[in-house]
Amino acid sequence: MITRTRLAAGACALLAALAAGLAFPAGAAAGEPTGQDAPKVDLVLDVSGSMRARDIDGQSRMAAAKQAFNEVLDATPEEVELGIRTLGADYPGDDRKTGCKDTAQLYPVGPLDRTEAKTAIATLTPTGWTPIGPALLKAAGDLDGGDGSKRIVLISDGEDTCAPLDPCEVAREIAAKGIGLTIDTLGLVPTAKLSRQLSCIAEATGGTYTSVEHQDELTDRVNQLVDRAADPVVTPVPAEGADRCTGAPTLKSGLYTDREEFRQQRWYRVDVRPGQELRASVSVAADRAVNPGYGVLMRAVTSKGREIVRGEAAGNGRTDVISTGLRYPKAESDDEDAPAEAVCLAVSHSFSAASGVKATPGLPLELTVDVVDAPSQAGDVAAFGLGRGWWLLGVLILAGFLAGLVWGWLSRWRFAVWRTN
């Protein structure tokens with residue numbers, strides 16, 4: 001059995017490979033890189049009245065955003081189609097209904113003309129409301145069409161002022177469409193309430209949230225996100241797990257998404273042939289308020305119910321995503337026609353809903369499955385639960401034994417000399 005340390009290392013390696021955008025083998029049936037369409041990014045900038053505040057490196061938030069955007073435009077990769085959308089840039093009045101429609105495409109998503117885009121940015125002046133929800137809906141439309149990667153980067157210094165159109169619910173609706181759109185959010189000198197709202201928006205689509213208090217931080221982070229859009233993308237495939245191994249869907253190497261309700265267990269099946277190794281990992285995200293103290297468990301079980309190996313992780317409420325993974329090598333067989341073994345993967349978590357929080361739909365989970373040729377030697381995987389550490393332990397034991405012999409001989413010799421003298 002693989003030790004927990006080896007499990008964690010394997011899971012981290014697999015997740016790192018996915019984060020880097022590496023494709024699965026040619027035979028993968030899910031989670032393969034997207035097509036040939038150009039990646040698209042829509043930068044959504046808050047131009048509401050609060051952007052006049054002068055608390056970012058001695059300049060206004062608007063001035064810092066303009067400077068950051070100019071530097072980002074200079075560094076944008078040629079293959080990326082980039083657009084800019086504003087919210088709160090045009091209506092200065094007090095009519096809420098009108099103010100909540102104040103979002104416009106400042107520069108259309110497409111091949112980038114840096115001079116034209118910079119000229120458009122220079123005209124911006126902090127003006128009105130903060131209609132984040134309506135702006136996200138329009139931005140999703142800006143990126144409609146094509147199968148390349150799509151990313152919205154939202155920069156705001158205040159929470160939405162146009163409820164009941166909750167921007168977090170808008171983000172969930174966008175994610176439910178399955179168009180592969182990711183929303184990343186950045187909060188300029190954020191309050192606790194703004195941080196919660198922007199975090200919720202990002203988590204709903206698998207994006208990231210970043211708190212920004214300096215202009216160079218804003219530039220660097222937006223540059224990273226635009227560059228990430230140009231990387232090869234692995235698109236998760238929906239998979240509906242069963243409540244028991246019998247009847248569970250059979251998965252091949254790939255990246256999958258599902259939802260798991262509180263106190264529920266999801267089952268999946270993977271075929272592993274002799275001489276192959278199953279590597280799997282799972283991440284569960286808290287897309288709503290949950291109680292602190294939770295964990296996630298992933299088990300590999302035979303079709304007869306015997307547990308082979310497991311991976312588990314615990315959280316304390318300080319993170320919204322928790323991950324674990326496992327590895328299972330299937331021994332070689334002398335029979336070239338030996339059938340594949342059906343390995344059942346069981347995923348469960350111990351999240352619990354906070355008071356008043358809806359239990360449905362379930363929490364989003366992301367499952368990675370990879371079946372590869374197993375290492376040729378058992379020592380590459382495990383040896384008495386120690387992996388390659390077995391050899392180090394053996395060397396230390398031998399060295400200790402020899403050192404004991406030498407020390408004993410020296411002690412006897414010194415004692416003999418002392419008696420003689």
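## Questions on a predicted fold

Q: What is the relative accessible area of Asp216?
A: In this predicted model, Asp216 sits in helix α8. Buried would take under 20% and exposed over 50%. Asp216 falls in the partly exposed class, because its relative accessible area is 45%.

Q: Which helix gives the most residues to the negative patch?
A: Asp57, Glu71, Glu213, Asp216, Glu217 and Asp220 gather on the surface as a patch of negative charge. One of them, Asp216, has its place in helix α8. The biggest share, 3 residues, comes from residues 215–229, that is, helix α8.

Q: How many salt bridges does the whole structure have?
A: To count here, a side-chain nitrogen of Lys or Arg has to be within 4 Å of a carboxyl oxygen of Asp or Glu. Asp55 with Arg61 is one such pair, at 2.6 Å between the closest N and O atoms. A search of the whole structure brings the count to 14.

Q: Which residue is linked with Asp55 and Arg61 in a network of salt bridges?
A: Start with the pair itself: Asp55 and Arg61 form a salt bridge. Asp55 is partly exposed at 33% relative accessibility, whereas Arg61 counts as buried at 10%. The network that links these two also takes in Asp157.

Q: How many residues apart in sequence are the parts tied together by Lys118 and Asp74?
A: The side chains of Lys118 and Asp74 meet in a salt bridge, 2.6 Å from N to O. Lys118 belongs to helix α4 (residues 114–122) and Asp74 to helix α2 (residues 61–75), so the parts that this pair ties together have a sequence separation of 44 residues.

Q: Is Asp74 buried or partly exposed, and at what relative accessible area?
A: Its salt-bridge partner, Lys118, is partly exposed with a relative accessible area of 28%. Asp74 is partly exposed too. For Asp74 the relative accessible area is 48%.

Q: Where does Glu78 lie, given that it pairs with Arg114 in helix α4?
A: Glu78 and Arg114 bring their side chains together in a salt bridge, 3.6 Å from N to O. The pair ties together parts that are 36 residues apart in sequence, so look outside α4: Glu78 is in the loop between α2 and β2 (81–87).

Q: Is Glu78 buried or exposed?
A: Its partner Arg114 is partly exposed, with a relative accessible area of 22%. Glu78 has a relative accessibility of 68%, and the cut-off for the top class is over 50%. That is why Glu78 counts as exposed.

Q: What is the relative accessible area of Thr185?
A: Thr185 is part of strand β5 (residues 181–188). Leaving aside neighbours within four places in sequence, Thr185 has contacts including Leu154, Leu198, Ile201, Tyr209 and Thr210. Thr185 is buried, with a relative accessible area of 1%.

Q: How much accessible area does the nonpolar surface patch with Leu410 have together?
A: Leu410 lies in helix α9 (residues 389–420) and is partly exposed at 34%. The patch is formed by Val406, Trp407, Trp409, Leu410, Trp413 and Val417. Together their accessible area is about 680 Å².

Q: How far apart are the C-alpha atoms of Pro236 and Gly254?
A: Pro236 is placed in the loop between α8 and β7 (237–238), where it is partly exposed at 29%. Beyond its neighbours within four places in sequence, Pro236 is in contact with Leu255, Tyr256, Thr257 and Glu366. Gly254 is 18 residues away along the chain, and the C-alpha separation is 7.8 Å.

Q: What is the phi of Val189?
A: Val189 is found in the loop between β5 and α7 (192–204). At 26% relative accessibility, Val189 is partly exposed. Val189 is not a glycine, yet its phi is positive, about 45°.

Q: Which residue in the loop between β8 (254–260) and β9 (265–272) has a positive phi?
A: This one is exposed, with a relative accessible area of 77%. Its phi is near 60°, a positive value in a residue other than glycine. The residue in that loop is Arg263.

Q: What share of the 421 residues counts as buried?
A: The protein has 9 helices and 15 strands. Its accessible surface comes to about 21100 Å², with 53% belonging to carbon and sulfur atoms. Of the 421 residues, the buried share is 46%.

Definitions and conventions: Residues are numbered from 1 along each chain as its sequence is written. This is a predicted model: local features need pLDDT of at least 70, side-chain atom pairs count only at pLDDT 80 or more; totals for chains, interfaces and linings use all residues. Side-chain values use heavy atoms; hydrogens and water are left out. Helices (H or I, at least four residues) and strands (E, at least two) are DSSP runs, numbered from the N terminus. Buried means under 20% relative accessible area, exposed over 50%, partly exposed in between (1.4 Å probe, protein chains only). Accessible areas come from the Shrake-Rupley method with a 1.4 Å probe; for residues, only the protein chains shown count as cover. Patches are made of residues with over 30% relative accessible area and no salt bridge: like charges are joined within 9 Å, nonpolar side chains (Val, Leu, Ile, Met, Phe, Trp, Tyr) within 5 Å. Lys and Arg count as positive and Asp and Glu as negative; His and the chain ends are not counted. The place of a charge is taken as NZ of Lys, CZ of Arg, CG of Asp or CD of Glu. Contact means heavy atoms within 4.5 Å.
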